[in-house]
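Ready for some practice in reading a protein model? Work through each exercise below with the picture open, and try each task before you read its solution.

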Amino acid sequence: MAMTIAANVSLNIALPQFGEAVGATQSQLSWGMNAYTLPFAALLLPAGAVADRMGLRYAVSLGLLVFGLASLVSAFVDDAAWFIALRVVSALGATLVLPATLSVLTRSFPAERRAKAVGIWAAVSGSGAVLGLVLGGVLILFFWWGSVLASTGIVAILVGIASFIVVPTYRRDTDEPIDILGSVLFACALGLLVYALIQGPEAGWASTAIIGSAIAGTVLMAAFVIAQLRLRAPLLDVRLFKSRALSTASLTIVLQFAATIGLFLLLPQMLQNVREYNPLIAALALIPLPVGIAIGSQVAEKTQGRLGERTAVGGGVLVSALAFAGLGLQGPYGSFWFLGVALAVFGTGFGLSTTVATTMIIEAIPGEDNSTAAALNDALREVGAAIGIALLGTILNIGYRAQITVETRSLDPSAAEAIRDGFGPATQVIATMGEQGDELLAMVREAFYIGYQGSVFTAAALLVAVAAVVVIAGPRPGSRTTTESHEERTPQS
């Protein structure tokens, strides 16, 4: 799991070098990431049902081999179109792997040890992204852009072989057919919604394509819910969301990951653009985050037992919100040590809340549907990531452009427009301006920080609202019930 996450995150660092090597356009570079994100998010839930039926040993091993081979081959391509196609294939492999990893844990550990196992899984999950940034920075420093994908591809193949030896089969014993209609509706609905979120900041939220995608995705998701209510063996029993535990845990996962992915998107840019760190140092500055996640995820079991799920989740989210606020208040050139402490505190809250919320999701769905529960958890994380990238990226751009518009009124219109387009285009224009460029560069850095600060405070406010919802509407101790058992739905059980 750490490897599949690290491989995707590390590609962020390699994409600029890839673009220079093959002459890829900015649109092709964007699709180099989106071609993985879209099918991955859309197919997670159907892939969970497939993994349950084919056996988790085969799902993990096959998924890793597909992911590894596609990653390895993509490291040596010299055509953007082939690269994008191979990213789609990588995503197909990853959809089998991620739900199965959590499902294996929930089947392997008894209920009294499950929270600790899920805590380790959550810590590895959060650490994978930072690991990817650091390894990506090191590899790009010494090797070519494809080394990032080649190394993870080789490791994935080796781990796939090891998984076939180590992981038990764990096949769901059922003759129920897979819900094909529900799978298609869910994949299309979520794919369209995630597409709108990802492309909205670039294409414009008022564009026909974005509005059309959002409307079509919403309609298809409503059709999915209606179809699930009418089936005896649905892909996902949506009636389970009547449970306070499942609903509040799902909300927590979505918005915690929105904030966290937004942090991964914004903070490295701020450290490089404003503080002038190189990519490797910017990645190393994030290391306190997985340390905090490891601490939070390991204290989750005791905290949940002593304080209850509602307090543990709400408290963890609130701790993350306070850390976010601290990052926004620090200032553009604040202490490196303060940054580390704030990231560690954020990670602790994140690890605590997401570990308990993940356990709540797993326990709220009947035991036979382990892979479905795991796939739902992963799909919620991907939706949260898309929301975070879209929302916080848009707020950053709004804050940056509002400040730049005021400061560039006296400039040549073409130069002013280039500077308003973003930090990268701004630095290219400023490099040609001589002494005047020094003042403009300082102004651009200040404008970028103002946009970053607005995004960070927005994330903090969002998390405070989530904490309030969890505390007010979360499950009371001893109040959780399952809406409908499998015995009631499926005679085969």
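pLDDT is the predictor's confidence in each residue, on a scale from 0 to 100. This is a predicted model, in which local features need pLDDT of at least 70 and side-chain atom pairs count only at pLDDT 80 or more, while totals for chains, interfaces and linings use all residues. Residues are numbered from 1 along each chain as its sequence is written, and side-chain values use heavy atoms, with hydrogens and water left out.

**Exercise 1. Find out where the model is confident.**

Step 1: Start with the whole chain. Its mean pLDDT is 78, and 85% of its residues reach 70 or more.

Step 2: Go on to the elements (helices, H or I, of at least four residues and strands, E, of at least two are DSSP runs, numbered from the N terminus). Helix 3 (residues 56–74) has the highest mean pLDDT, 89, and helix 18 (residues 486–489) the lowest, 41.

Step 3: Look at residues 481–493, where the pLDDT is below 50. Beyond near neighbours in sequence, this stretch has 27 contacts in the model (contact means heavy atoms within 4.5 Å). Where pLDDT is low, the predicted coordinates should not be read in detail.

**Exercise 2. Is serine 455 buried or exposed, and what does serine 455 touch?**

Step 1: Locate serine 455 in helix 17.

Step 2: Apply the cut-offs: buried means under 20% relative accessible area, exposed over 50%, and partly exposed in between (1.4 Å probe, protein chains only). Serine 455 counts as buried because its relative accessibility is 0%.

Step 3: List the partners. Not counting residues up to four places away in sequence, serine 455 touches Leu266, Leu392, Ile395 and Leu396.

Step 4: Check a distance. Serine 455 and leucine 391 are 64 residues apart along the chain, and their C-alpha atoms are separated by 8.2 Å.

**Exercise 3. Explore the nonpolar cores.**

Step 1: Recall the term: a nonpolar core is a set of buried Ala, Val, Leu, Ile, Met, Phe, Trp, Tyr and Cys residues joined through side-chain atoms within 4.5 Å.

Step 2: Pick out the largest core, with 121 residues. Those with the most contacts inside it are Phe224, Leu267, Phe324, Leu327, Val444 and Tyr452.

Step 3: Zoom in on tyrosine 452. Leaving out residues up to four places away in sequence, tyrosine 452 touches Leu266, Leu267, Met270, Leu327 and Leu396.

Step 4: Another core, of 15 residues, lies apart from the largest one. Among its members are Leu11, Ala75, Trp145 and Ala150.

**Exercise 4. Which residue forms a salt bridge with glutamate 276?**

Step 1: Search the whole structure for salt bridges (a side-chain nitrogen of Lys or Arg within 4 Å of a carboxyl oxygen of Asp or Glu). The search finds one.

Step 2: Name the pair. Glutamate 276 is bridged to arginine 445, and the closest N and O atoms are 3.2 Å apart.

Step 3: Place both partners. Glutamate 276 is in the loop between helix 9 and helix 10, whereas arginine 445 is in helix 17 (residues 435–473); the pair, 169 residues apart, links distant parts of the chain.

Step 4: Compare their surroundings. Glutamate 276 is exposed, because its relative accessible area is 54%. Arginine 445 has a relative accessible area of 16%, so arginine 445 is buried.

Step 5: Inspect the backbone. Most residues other than glycine have a negative phi. Glutamate 276 is not a glycine, yet has a positive phi of about 65°.
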